[in-house]
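User: Hi, I would like to go through this structure with you piece by piece. Could you keep the cut-offs handy as we talk?

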Amino acid sequence: MALKYYFTPGPSELYFTVPDHMKTALTEKVASISHRSAQFQKYFKHASEQLRTLLNVPETHHIVFTSSANEIWERILQNGVKEHSFHFVNGAFSKKFYDFGVQLGKSPQKVEVPFGEGFTEEHLAIPANMEMIAVTQNETSAGVSFPVEYLPTLRKNNPDALITVDAVSSVPYPEFDYSTIDSVYFSVQKGMGLPAGLGVWILNDRCVEKATQLKNEGLSVGTYHSIPSLLKKAEVFQTPATPNVLGIYLLGKVVEDMNRRGAAVIRQETNYKAAFMYQALENSPYFEPLVKEKSHRSKTVIVAKCLEKTPAEILEYFAQKKMILGSGYGSHKTEQIRIANFPTHSKESFLMLVDLIEAM
Ligand SMILES: *Cc1c(COP(=O)(O)O)cnc(C)c1O
């Protein structure tokens, strides 16, 4: 490969059509237009319509844009929780969301499992009267996924709680039944293959009602962004603050390209590449998959424990071939590596990776 190719879990390799869309955007001066103009409204509308198709979002759910997924964590807690949120914690991202709850002065609770493990049906029995339940569908630090099949059970057992799903590093792979979810969100620099700096928040009227209730009680539901302010502007295809206009434009274009390929095909290819990679890791004397339980293994972020060679040596070996793999998360970088399997990562690029693993 002539240029570096990024298998890092985020930011990652851009979706392969981004350079062309970026060129068009520069010609059309997308980054200079007013975010109150009809041209911007057209980009907003296009992005949200394309997302509705790709992710199969029903009319019951609204789509709004924020600056990041971190922002959405804060907004969900401000708009959806007076005191009690419940968090499934199995890595750095799910833990950080929980910590935001503590910092905002709420009383979050959690169930926590060791790094590299996932949740089983027994973990679904959670304390009663939670206002919000936070699920991290794909824990990017550990490469563990939360089965979407558990969501209907959570809904049935906790009919009053808002169920919120972090799908930052799995979207567009998971297939959600939105009747069991009040909110799903992601930022765009992982599976969507776009430059960072944009969050997408899908939410229903139950979230709106809760936010209105908290606001009426005199609580702060956010300053420049709150559910009511985001929705009021989204009705006219706008945002309260000046948004990442270029990001919203590119998102619409890339999602349109993904829709041309089709979500089903993207899912199939993701499954194929993941199976291929996990097998290569199992067969190699230099690696083993971190996640032992196969049903908990993420299809989109694959974490491997390094045996015999250090992660630094392994990353260097691939870097010499211009293939940039991800380091282990935080302190785990001394023993693990991570490989992203996003829609932009071609089957051919995975074949090359696996060849290199076999040639080690
Ligand atoms: C990356 C990531 C986030 C944070 O995304 P930002 O865009 O940095 O705010 C949140 N959750 C998960 C699971 C992630 O992988």
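User: In which loop is T239 found?

Analyst: Happy to start there. This is a predicted model, in which local features need pLDDT of at least 70, side-chain atom pairs count only at pLDDT 80 or more, and totals for chains, interfaces and linings use all residues. Residues are numbered from 1 along each chain as its sequence is written, and side-chain values use heavy atoms, with hydrogens and water left out. Helices (H or I, at least four residues) and strands (E, at least two) are DSSP runs numbered from the N terminus, and on that scheme T239 is in the loop between α7 and α8.

User: Is T239 buried or exposed?

Analyst: The scale is relative accessible area: buried means under 20%, exposed over 50%, and partly exposed in between, with a 1.4 Å probe and protein chains only. T239 has a value of 3%. T239 is therefore buried.

User: Which residues does T239 touch, not counting residues up to four places away in sequence?

Analyst: Contact here means heavy atoms within 4.5 Å. Not counting residues up to four places away in sequence, T239 touches R36, F44 and K233.

User: How far is the backbone oxygen of A241 from a polar atom of the side chain of T239?

Analyst: A polar contact is a pair of N or O atoms within 3.5 Å; within protein, one must be able to donate a hydrogen and the other to accept it, and residues adjacent in sequence count only if both atoms are side-chain atoms. The side chain of T239 offers a polar atom to the backbone oxygen of A241, and the distance is 2.8 Å.

User: Which loop holds F237, and what is its phi?

Analyst: F237 sits in the loop between α7 (227–234) and α8 (245–261). At 27% relative accessibility, F237 counts as partly exposed. F237 is not a glycine, yet its phi is positive, near 55°.

User: What is the phi of K322?

Analyst: K322 belongs to the loop between α10 (311–319) and β13 (323–324). Its relative accessibility is 35%, so K322 counts as partly exposed. K322 is not a glycine either, and its phi is positive at about 70°.

User: Which residue does a cis peptide bond join to V171?

Analyst: Omega of this bond is about 10°. The residue in question is found in the loop between β8 (162–166) and β9 (183–187). The partner of V171 is P172.

User: What is omega for the peptide bond from G10 to P11?

Analyst: P11 lies in the loop between β1 (5–6) and α1 (18–27). The bond from G10 to P11 is cis, with omega near -5°.

User: How many disulfides does the count come to?

Analyst: A disulfide is a covalent bond between the sulfur atoms of two cysteines. The test used is a pair of cysteine sulfur atoms within 2.5 Å. By this rule, the count is zero.

User: In what order do the strands of the seven-stranded open sheet run?

Analyst: Two strands pair if DSSP finds at least two bridges between them, and the pairing in this sheet is mixed. The order is β2-β10-β9-β8-β5-β3-β4.

User: Why is one side of β2 and of β4 left without a neighbour in that sheet?

Analyst: β2 (61–66) and β4 (109–112) each have a single partner strand, so one side of each lacks a neighbour in the sheet. The reason is that both stand at the edges.

User: Which strands does α4 touch as it packs on the sheet?

Analyst: Axes are lines fitted to C-alpha atoms, for helices over the stretch in contact, and angles run from 0 to 180 degrees between N-to-C directions. The direction of α4 (residues 92–103) makes about 160° with that of β3. The strands touched by α4 are β3, β4, β5, β8 and β9.

User: How far apart are the end C-alpha atoms of α3?

Analyst: The expected span of a helix is 1.5 Å times one less than its number of residues. For the 12 residues of α3 (residues 69–80) that gives 16 Å, which agrees with the model. The end C-alpha atoms are 16 Å apart.

User: How many of the 12 residues of α3 are buried?

Analyst: α3 is mostly covered. Among its buried residues are W73, I76 and L77. The number of buried residues is 10.
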